[in-house]
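Colleague: I would like a close look at a single part of this protein. Please take me through the middle of the chain, piece by piece.

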Amino acid sequence: MSTTTLNTDVSREIIASFFPEQDERTQVFGFLKNVVENYVADISTIKVNPTMSKADIAGIISRYDFDGSLPAASVLGDVISLMEQGMVHVTSPNYFGLFNPTSSFWGGIADFITALYNPQLAVWSHAPACVDIEEKLIRYLGQLAGFTPADVGGAFTTGGAEANCTALICALTRKIPGFAKQGLQAQPSQPVFYISADSHLAWLKIALQSGLGHDAVRLIAVDDNGKMDVAQLSATLADDRQRGFTPFMLVGTAGTTNAGVIDPLAQMAVVAKEHDLYFHVDAAWAGAILLSDSHSPLLRGIELADSITLDAHKWLTAPMGTGMFICADKTLLNQPFAVSTNYMPAGDDVNIDPYVNSMQWSRRFNGLKLFIPLAILGRAGFSKMIDYQVELGAYLKSSLARHDWVVVNATPLPVICFKDAGGVDTDQLLLQVLAANQVWLSSTTFNKEKALRTCITSYRSTRADVDNLLVQLNQARDAVRKAG
Ligand SMILES: Cc1ncc(COP(=O)(O)O)c(C=O)c1O
């Protein structure tokens, strides 16, 4: 072994290379301050779509071979250029897209603090303050959903897909005796679960990951409003029972991804009870309205769920990687994730160790991205943002109607799907709008019809931005008509 590696100068150099000394830190913070100020100055006018081509991006990335060391200023400069020009700006007020809201300043600060201290939340004793903060948030949201606070359990997840997967594992463990030990062999007949045809199809991946396979997923038809057809559900359940399948879980979606529709949760809860099914509500996006006095009644029936998925990185403005699984009865989590090892710090009888109560092992302090903004803004601050966005959605709807667009979905929430009243092709319209690079929206299929899809997803969006969206849509329609 070389003794030079234990030289004090070398160790100092190692530390300073991974965590620069004060002068360099000051420079980096100065650079970062400029990045933030430029971002704030430009975000409303920046091109929403990437302006760098794949070749431009490759040109920059190819300069990096990682063999040598580079000045931080040039690396950070490249990264910011790539971010500014090489991505869709989901935090722009002109992004009327998928459920990717504008992250809050406070969420970003939380992300930085978390990375700085890098707490390990696998076991309570390693980060008691952090685990307790996350537990408090989960309990608070569970209480807003109508669960009994003392009984609420759950965990922060990387997102909605992981939270939904957690629900499936909990449902299998609770409803299929012997599942925790024997897995699917404990159940001779095929277990099946029920989601609407308009649910988020991460459920198919989850079915595969759990060993159930896609055939275990029953996609129940939706009615003309995009809600699960409960009569169809009951008929499918009866048929499955007769054919010897084992129904174990029913999932309601609160805020479908394509059209923002809320399933008839209260009615579905009755069916779940009748058939002894685990009832989960995927409220990844619309669960946010639990914070709004005016709109939370739209979620009636959620209080009857066994568990809920709620993504803070959707409508609650947290940076990516902030999902939640929330259950009404915390003992639900004891069995599915139980494991005991000698190398992990021993737990105690009072505090729950997250690694034996959730899917992850090592865990990041993702809850801080919700804790800091919620503490600073309060529920009222979030409610104001949500209520404003709902109102802006209603304004967009009425503006569309005035300009010969037909809204095809019916939801009070700010997801608006529409088509041209005169039958101009939706795909061509979308290409035309995106090519102008002033706004971002997508298309979807609703009620078997192709439609443009917009969602008021940024808290930066204003009435003027919605007016501009209309201008862009009308111009695109004129251009397609002229070309046709
Ligand atoms: C209703 C719904 N559930 C689940 C998900 C998956 O969430 P995530 O992408 O955070 O894993 C989404 C994503 O948009 C969604 O809209």
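Modeller: In this predicted model, 20 residues of domain 2 are in contact with 19 residues of domain 3. On the domain 2 side of that contact, nine residues are nonpolar, nine are polar and two are charged. The centres of the two domains, taken over C-alpha atoms, are 31 Å apart. Domain 2 spans 112-373, and domain 3 spans 378-483. Domain 1 covers 3-89.

Now to the strands, beginning with β4. Strand β4 covers residues 246-253. Seven of its eight residues are buried, so the strand is mostly covered; buried here means 20 or more other C-beta atoms within 10 Å. β4 pairs with β2 and with β5. Strand β2, residues 191-196, runs parallel to β4, and four bridges join them. One residue to find on screen is Met 249. Met 249 in β4 is the bridge partner of Phe 193. Met 249 also stands opposite Tyr 278 in β5. Strand β5 takes in residues 278-282 and pairs with β4 over five bridges, again in the parallel sense. Between β4 and β5 the chain passes through helix α11, residues 265-274. This β-α-β crossover is right-handed.

Next comes strand β7, residues 323-327. Five of its five residues are buried. Gly 323, Phe 325 and Cys 327 point one way from the strand. Met 324 and Ile 326 point the other way. Residues on both of these faces are buried. The pairing of β7 is antiparallel with β1 and antiparallel with β6. Strand β1, residues 153-157, pairs with β7 over five bridges. Gly 153 stands opposite Cys 327 there. Strand β6, residues 307-311, is likewise joined to β7 by five bridges. Asp 311 has Gly 323 as its bridge partner in β7.

Last, the ligand. Its shell holds 15 residues. The closest are Gly 159, Gly 160, Ala 161, His 200 and Ala 284. Helix α7, residues 160-175, gives the most to this shell, with three residues. By class, the shell has five nonpolar, eight polar and two charged residues. Gly counts as polar in that tally.

To trace all this on screen, start at Met 249, with Phe 193 as its bridge partner and Tyr 278 opposite. Then go to β7, where Gly 323 partners Asp 311 and Cys 327 faces Gly 153 across the pairing. Finish at the ligand, with His 200 and Ala 284 among the closest residues.

Conventions. Residues are numbered from 1 along each chain as its sequence is written. This is a predicted model: local features need pLDDT of at least 70, side-chain atom pairs count only at pLDDT 80 or more; totals for chains, interfaces and linings use all residues. A residue is buried if 20 or more other C-beta atoms lie within 10 Å of its own, exposed if 12 or fewer, and partly exposed in between; C-beta atoms are placed from the backbone. Helices (H or I, at least four residues) and strands (E, at least two) are DSSP runs, numbered from the N terminus. Two strands pair if DSSP finds at least two bridges between them. A crossover is right-handed if, with the strands pointing away from the viewer, the path from the first strand over the helix to the second runs clockwise. A residue is near a molecule or strand if its C-beta atom, placed from the backbone, lies within 6 Å of it. Domain bounds come from an automatic or database domain assignment. Two residues are in contact if their C-beta atoms, placed from the backbone, lie within 7 Å.
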